[in-house]
Amino acid sequence: MQQIINFIIRNKNFLLSLLLFSISMVFTIQTHSYHKSKFINSANFLTGGVYNSINNFTAYLNLKSQNQVLAEENSRLKMLLFNSENKKDSIYLDTVSYGGTYKFTLANVIRNTYSGANNVLLLNRGKNDGLKQDLGVISSKGIVGIVDGTSKRYATVISVLNTVNKISAQLKKTNHFGTLYWDAKSPYYIQLIDIPKIAPIVKGDTIITSGRSSIFPKGIPIGVINDFKLDAAENYYEINIKLFNDMTNLEHVYTIENIDADEIDRLLNAKANE
Amino acid sequence: MNNSVFLHIARFISLVFFQVVLFNNINFLGYINPYIYIMFIALFPVKNNRFIIIFLSFLLGLSIDLFSDTGGIHAAACVFIAYIRPVILKFSFGMIYEHQTIKFTSVEFGEKLTYLTILTFLHHFMLFFLEMFSVSQIILVLQKTLFSSIFTILLILIITIIFSKKTK
């Protein structure tokens, strides 16, 4: 017993380092598995509050470019509205949901990162505004990420520029789908794998979300094909996509909630359990 | 004694604050950020208890992690360099360290540069390796380590020169 205590006292620095190092490694490994980063995230009162007050100052610096982005979106929506073929002679009975399955909420990005390998954004909306895990986040130009952690007033978003993310995407002109991932090299390009060799792909083709999960609806723009090559086994394409979104300049984003998500998940789980 | 405790608390808080608000957002050439908060570990008095500095390094790293959503990579890298700091001190300062009379304001510039360089490279390598978490991306890790280390070392030297008391 005496010897054990002596051993501990003699090596206390080493043991403390080992303990603290292991704790850090546990936190690190948790962030590398999807939706596990529960303890250490910035959607809490302290860090959220600090970033919010900083953003109150820095938001002014981007006003001009953000106004430009919003004006572009306005003009696009106006074009859709005036060119739509629906007659405007009837209104929805339920004016809250407009009969659709997707509910949009406006949010501001109060912290943006794009230099690391696992980038996380912070939004100034939280549980109080109806945000929860697994909501899609888009901007006016394309996809941004998926909501991960939420507190009462803040939410963290796993950016598409994150090596953990696996979002399903497809070609716009055909229905061949694959998986998006990021090789952590440039914030302007992401990669699409698992597109079968038979798919007719050309440089400049548009890539959209496939709507195969209940997170993103089908048809949200992602980017255009920059270059592509066959993988080692020569069965699937590895495609480099240039993002529509400038991920280094984000301010106004929308979260998408699929109102039918629970129903779809239940149905799929019931099928899987049979 | 009390005075130096307050000095260290102030240093801790201000380094975390400036790292999070300013230096994490520089993104020079897209991805190069300096991590100047390791100044706290590098310039911590040598004669103090090693137990304290290891624990404080962990807290320092964890607070950076909390703000930047990086899990525990900063904490792990900080604990690592805090633990092996005596070895680096011995290597770069030699006899002065043996006699426990080291003072960072009054050592030779060359020795100080060696010390800072080794410490920064080790910290950054650990940090980026844990961030990528794969051996296949080792070239990218080394590239990031090299560029960010140069940036960090330059900034730490500039800051220490600005804040050093004039020795007449």
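Accessible areas, as used below, come from the Shrake-Rupley method with a 1.4 Å probe. The exercises concern a predicted model.

**Exercise 1. Describe the surface and the charges of chain B.**

Task: State how much accessible surface chain B has, what share of it belongs to carbon and sulfur atoms, and how far apart the mean positions of its positive and negative charges are.

Solution: Begin with the total, for the accessible surface of chain B comes to about 8500 Å². Next, take the share that belongs to carbon and sulfur atoms, which is 72% of that surface. Finally, turn to the charges: chain B has 11 positive and 6 negative ones, and their mean positions lie 12 Å apart.

**Exercise 2. Judge the overall build of chain B.**

Task: Find which secondary structure elements make up chain B, and decide whether the chain is as compact as a globular protein of its length or not.

Solution: First count the elements, which come to 7 helices and 0 strands, so that the order from the N terminus on reads α-α-α-α-α-α-α. Then compare sizes: the radius of gyration of chain B is 16 Å, close to the 15 Å that the globule rule gives for 168 residues, and therefore the chain is as compact as a globular protein of that length. Along its principal axes, the C-alpha trace spans about 45 × 30 × 30 Å. As a last step, consider the packing, where 51% of the 168 residues count as buried, and where, among contacts between residues at least 6 apart in sequence, 62% join residues at least 24 apart.

**Exercise 3. Place B:H74 in its surroundings.**

Task: Determine in which helix B:H74 lies, and whether this residue is buried or exposed.

Solution: Start with the location, since B:H74 belongs to helix α4, which covers residues 73-93 of chain B. The unreviewed UniProt entry annotates residues 73-93 as one of the spans of a "transmembrane region"; in the model this span is 100% helix, with its end C-alpha atoms 29 Å apart. Now apply the cut-off, by which a residue under 20% relative accessible area is buried: because the value for B:H74 is 4%, this residue is buried. Its contacts beyond four places away in sequence include B:Y35, B:Y37, B:D65 and B:L127.

**Exercise 4. Compare a record with the model in chain A.**

Task: Say what share of residues 109-256 of chain A is helix and what share is strand.

Solution: First consult the record, in which an unreviewed UniProt entry places the feature "domain: Rod shape-determining protein MreC beta-barrel core" at residues 109-256. Then read the model, where this span of chain A is 0% helix and 49% strand, and its end C-alpha atoms lie 15 Å apart.

Methods
Residues are numbered from 1 along each chain as its sequence is written. Chains are lettered from A and ligands numbered from 1 in the order in which they are written. This is a predicted model: local features need pLDDT of at least 70, side-chain atom pairs count only at pLDDT 80 or more; totals for chains, interfaces and linings use all residues. Side-chain values use heavy atoms; hydrogens and water are left out. The radius of gyration is taken over C-alpha atoms; the globule rule is 2.2 Å times the number of residues to the power 0.38. Buried means under 20% relative accessible area, exposed over 50%, partly exposed in between (1.4 Å probe, protein chains only). Contact means heavy atoms within 4.5 Å. Lys and Arg count as positive and Asp and Glu as negative; His and the chain ends are not counted. The place of a charge is taken as NZ of Lys, CZ of Arg, CG of Asp or CD of Glu. UniProt positions are given in the numbering used here, feature names are shortened, and annotations may be inferred rather than shown by experiment. Helices (H or I, at least four residues) and strands (E, at least two) are DSSP runs, numbered from the N terminus.
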